[in-house]
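Colleague: Could we go through this model together? I'd like to hear the reasoning behind each label.

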Amino acid sequence: MNWEHSGVESIYQSNTSEKYSFNLVQKPIEIYVFVDPLCPECWSLEPFLKKLSMEYGRFFTIRPIISGHLNTLNKDQFDRPRKIKDIWEKTSKRTGMCCDGDLWLENPVSFPWIASLAIKAAELQGKKSGRTFLRKVQESAFLYKQDISDEEILYSCAKAANLDIEEFSTDLYSSSAKKAFQCDLKLTQEMEVDYIPTIVFFNQVTEEQGIKISGLYPYDIYVRVLREILEKQPIPSEKPTLEHFLSVFKTVSTKEIAVVYDWSIAKAEKEMKKLQLKQKVERIPVKYGDFWKYED
């Protein structure tokens with residue numbers, strides 16, 4: 001089984017609550033998501049991964065692979081802040097996920113590899129912790145224009161992800177984190193991933209060849225691949241209430257809400273404004289689109 005697309009970019013799995021998880025002995029599908037924390041198209045994959053997890057998460061686990069800088073953006077243009085700014089902002093306008101390119105003019109990321117190493121250090125506290133930390137790192141870069149190679153910013157992300165800060169500090173430059181990062185880079189090479197995001201679906205039961213999708217695609221494509229590799233037509237799970245969804249993910253975009261609930265942007269905006277009036281959410285001022293923070 002080998003159905004391959006070529007395209008744009010990638011990201012991680014959602015941490016759905018116990019109520020919406022299914023405790024199977026082993027989920028049949030493993031999804032490798034090859035990402036880079038500074039890749040705007042990986043960031044733009046977030047709405048689709050959330051929806052896929054909400055509807056079909058009982059069938060799969062997601063394994064984020066930190067792949068380093070693979071795209072042309074990172075080859076001949078990485079020292080050209082204005083070009084990176086333009087790429088980020090064009091991606092933002094196209095996808096509805098804010099990527100504030102002013103970062104590259106105001107507060108450029110000095111050593112991107114440090115952020116990648118930090119993600120692997122966070123994963124040493126558990127897969128869920130690693131995914132939550134990755135999300136916080138992305139928010140810091142794309143929404144708040146923060147240098148995610150700055151240790152102070154990384155510790156702030158670790159705190160927001162509820163990590164054990166002392167353990168994170170010990171692990172950040174440890175041989176364990178470095179080895180985990182090297183394993184990810186080796187896996188990227190072995191699977192011949194030359195563009196991010198790339199998603200690879202594996203059926204761990206049949207052990208047939210995986211299906212690889214390189215780039216950013218409409219949601220239906222990911223569902224179609226999942227169906228093909230499951231070799232059946234799965235029924236999507238019932239979605240949680242909007243408030244429950246927000247309580248799980250804490251910070252989300254209007255675009256993510258619209259995608260997950262099959263709403264228009266206008267409908268999602270209207271529902272969030274209702275919650276804002278009830279003081280359940282706070283609007284985060286960003287350059288493109290809207291992001292919301294859930295108030296516990």
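**Reading the labels**

Modeller: Gladly. Let's start with D184, which is found in helix α9, residues 175–190. Keep in mind that this is a predicted model.

Colleague: How do you know whether D184 is buried or exposed?

Modeller: The relative accessible area of D184 is 4%, and buried means under 20%, so D184 counts as buried. Leaving aside neighbours within four places in sequence, D184 is in contact with P64, I65, I66 and K120.

Colleague: What makes strand β2 largely enclosed by the rest of the structure?

Modeller: Strand β2 covers residues 60–66, and five of its seven residues are buried, so the strand is largely enclosed.

Colleague: Which sheet does β2 belong to, and in what order do the strands come?

Modeller: The order is β2-β1-β3-β4, in an open sheet of four strands with mixed pairing.

Colleague: Why are β2 and β4 said to stand at the edges?

Modeller: Each has a single partner strand, so one side of β2 and one side of β4 (211–214) are left without a neighbour in the sheet. From one strand to the next, the twist averages 15°.

Colleague: What makes the pairing mixed?

Modeller: Look at two of the pairs. Strand β1 (residues 29–35) and β2 run parallel and are joined by seven bridges, while strand β3 (residues 198–203) and β4 run antiparallel, with four bridges. Both cases satisfy the cut-off of at least two bridges. In the parallel pair, I31 stands opposite I62 in β2; in the antiparallel one, F201 stands opposite I211 in β4.

Colleague: Which helix packs on this sheet?

Modeller: That is helix α2, residues 46–56, which touches β1, β2 and β3. The direction of α2 makes about 155° with that of β2.

Colleague: What is the strand order in the open sheet of three strands?

Modeller: The order there is β5-β7-β6, and the pairing is antiparallel. The edge strands are β5 (251–253) and β6 (281–284), since each pairs on one side only. Neighbouring strands of this sheet are turned by 30° against each other on average, direction ignored.

Colleague: How do you know that β6 and β7 pair?

Modeller: Four bridges connect β6 with strand β7 (residues 291–294) in the antiparallel sense, and a pair needs at least two. As one example, V281 has Y294 in β7 as its bridge partner. Helix α13 (residues 265–277) lies across β6 and β7, running at about 120° to β6.

Colleague: Now the rings. How many aromatic pairs are there?

Modeller: The count comes to 13 aromatic pairs.

Colleague: Why is the pair of F245 and Y261 called edge-to-face?

Modeller: The ring centres of F245 and Y261 are 5.8 Å apart, and the limit for a pair is within 6.5 Å. Their planes stand at 90°, where over 60 degrees is the condition for edge-to-face, so the label applies. F245 lies in helix α11 (residues 242–249) and Y261 in helix α12 (residues 254–261), so the pair ties together parts that are 16 residues apart in sequence.

Colleague: What makes the pair of Y261 and W263 stacked?

Modeller: The planes of Y261 and W263 are 25° apart, with 5.0 Å centre to centre; stacked requires planes under 30 degrees apart.

Colleague: Why is Y261 called buried or exposed, and what about W263?

Modeller: Y261 has 13% relative accessibility, so it counts as buried. W263 is at 25%, so it counts as partly exposed. The charged end of K267 also sits over the ring of W263, 5.2 Å from its centre, and the distance cut-off is within 6 Å. Elsewhere, R63 lies over the face of Y32, at 4.9 Å from the ring centre. Ring pairs also link W43, W88, W104, F142 and F291 into a cluster.

Colleague: Last one: how do you know that C42 is in no disulfide?

Modeller: The nearest cysteine sulfur to that of C42 belongs to C39 and is 3.1 Å away, whereas a disulfide needs sulfur atoms within 2.5 Å. The count for the model comes to zero disulfides. C42 is at 0% relative accessibility, so it counts as buried. C157 is buried too, with a relative accessible area of 2%.

How values were computed
Residues numbered from 1 in each chain as written. Predicted model: local features only at pLDDT ≥ 70, side-chain atom pairs only at ≥ 80, totals over all residues. Heavy atoms only, no water. Phe/Tyr/Trp six-rings, centres within 6.5 Å; stacked < 30°, edge-to-face > 60°. Helix = DSSP H or I, 4+ residues; strand = E, 2+ residues; numbered from the N terminus. Buried < 20%, exposed > 50% of the residue type's maximum accessible area, 1.4 Å probe, protein only. Lys NZ or Arg CZ within 6 Å of the ring centre and 35° of its normal. Axes fitted to C-alpha atoms, helices over the stretch in contact; angles between N-to-C directions. Contact = heavy atoms within 4.5 Å.
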